[in-house]
Amino acid sequence: MRIRIKTKWSKEEREVSVEDAVSVLAFNSWKIGMQTLLEIENENFQVDSQVQRIEVIEEVMAFMIQALDRIVHETINDEDRAALISMYAQKVSDHVQDNARDFSGPGDYRTPFIEKLNARFESYSDTKWDTEKHQPGFSMGREFGNNISDVLGPNDRQWALDYIQQVLMPEFYALFKKTVKSVGLVEDEIKDVGGEALDSRHVLLRDKPA
């Protein structure tokens, strides 16, 4: 997967706020989602409508939010982790709202996306994560593959699953993990994330549509 990662700061060492880092991560996450959609279309999977395209990207976004939650699980306390994931999810939802509006016209796209994210926190909660390699386990990759294949046309759903889980997901996840590192969110500890303590499996329930 060929895509450039963009950060707002140079390689020179300087103080970067968590909010800045999360904003850049969300921006690049959307780029990764767009590229993932393009890869799916290049494989001639059935994506016939703008609604399907948005839904594919939303599933990629939902997966990356889950992945970040797992990546930072051992490095920060539960309160800060919940606030970090909530901040990231809210910034991602801004991109969903803006881009879905461009694709499909005026409307509230943020609220359905947030509802989907809360549902995904439930469905991903029992899936496995490889803590040594910091990558999704088989069941987590399978859940993602099923979510994407459910969006595709009925002719593609069955045979698309292996491609999505075994080829596509590892490619974009490697790029996502590189992005998380490049913005500095995998230090030994992230301090002063801010925000009140939230249940980390339902951190989005308090978000309100713009």
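How much accessible surface does the chain have, and what share of that surface belongs to carbon and sulfur atoms? The answer is about 10,900 Å², with 44% of that belonging to carbon and sulfur atoms. Keep in mind that this is a predicted model. The legends below start with the whole chain and then zoom in.

**Figure 1. The whole chain, made of six helices and two strands.** Start at the N terminus and follow the elements along: they run α-α-α-α-β-β-α-α. So how many residues are there, and what percentage of them count as buried? The chain has 210 residues, and 49% of them count as buried. Now think about contacts between residues at least 6 apart in sequence: 73% of these join residues at least 24 apart. Keep that in mind for the views of helix pairs and of W30.

**Figure 2. Helix α3 packing with helix α4.** Here we're looking at residues 78–104, which form α3, and residues 110–124, which form α4. A general tip for this kind of view: two packed helices are described by the angle between their axes and the distance between the axes. For α3 and α4, the angle is about 140° and the axes are 9 Å apart. That angle makes α3 oblique to α4. The crossing of this pair is right-handed. On the α3 side, look for I85, A89, V92, S93, D94, V96 and Q97; they meet R110, F113, L117 and F121 in α4. Sort the residues of this contact by class and you get seven nonpolar, two polar and two charged.

**Figure 3. Helix α2 packing with helix α4.** At what angle do α2 and α4 pack? It's about 50°, and their axes are 10 Å apart. With that angle, α2 is oblique to α4. The crossing of α2 and α4 is right-handed. There's a good crowd of residues to find here: α2 brings E55, E58, E59, M61, A62, F63, I65, Q66, D69 and R70, while α4 brings F113, K116, L117, R120, F121 and Y124. By class, this contact has eight nonpolar residues, one polar residue and seven charged ones. If F113, L117 and F121 ring a bell, that's no accident of labelling: these α4 residues meet α3, and they also meet α2.

**Figure 4. Helix α1 alongside helix α6.** In this view, α6 covers residues 157–182, and the axes of α1 and α6 come within 10 Å. They cross at roughly 160°. That makes α1 roughly antiparallel to α6, since angles over 145 degrees fall in that class. Once again you're looking at a right-handed crossing, with α1 passing α6. From α1, the residues to pick out are L25, N28, S29, I32, T36, E39 and I40. Their partners in α6 are Y163, L168, F172, L175, F176, T179 and V180. The tally for this contact is nine nonpolar, four polar and one charged.

**Figure 5. W30 and the residues around it.** Zoom in on helix α1 and you'll find W30 there. Is W30 buried or exposed? W30 counts as buried because its relative accessibility is 7%, and the cut-off for buried is under 20%. Leave aside the neighbours within four places in sequence, and W30 is in contact with I57, M61, H95, V96 and N99. Take I57 as an example: W30 and I57 are 27 residues apart in sequence, yet their C-alpha atoms are 7.8 Å apart in space.

**Figure 6. N44 and H134, two loop residues with positive phi.** N44 sits in the loop between α1 (18–42) and α2 (50–71). Its phi is about 65°, a positive value although N44 is not a glycine. N44 is exposed, with a relative accessible area of 65%. H134 is in another spot, the loop between β1 (129–130) and β2 (135–136). Phi of H134 is near 55°, again positive in a residue other than glycine. At 38% relative accessibility, H134 counts as partly exposed.

**Figure 7. S17, in the segment before α1.** How many residues separate S17 from V183 in sequence? They are 166 residues apart, but in space the distance is 10.0 Å, C-alpha to C-alpha. S17 counts as partly exposed, at 34% relative accessibility.

Technical notes:
Residues numbered from 1 in each chain as written. Predicted model: local features only at pLDDT ≥ 70, side-chain atom pairs only at ≥ 80, totals over all residues. Heavy atoms only, no water. Axes fitted to C-alpha atoms, helices over the stretch in contact; angles between N-to-C directions. Helix = DSSP H or I, 4+ residues; strand = E, 2+ residues; numbered from the N terminus. Parallel < 35°, antiparallel > 145°, perpendicular 65-115°, else oblique. Left-handed = near helix turned anticlockwise from the far one by under 90°. Contact = heavy atoms within 4.5 Å. Nonpolar A, V, L, I, M, F, W, Y, C, P; charged D, E, K, R; others polar. Buried < 20%, exposed > 50% of the residue type's maximum accessible area, 1.4 Å probe, protein only. Areas by Shrake-Rupley, 256 points an atom, 1.4 Å probe, with all protein chains shown as cover.
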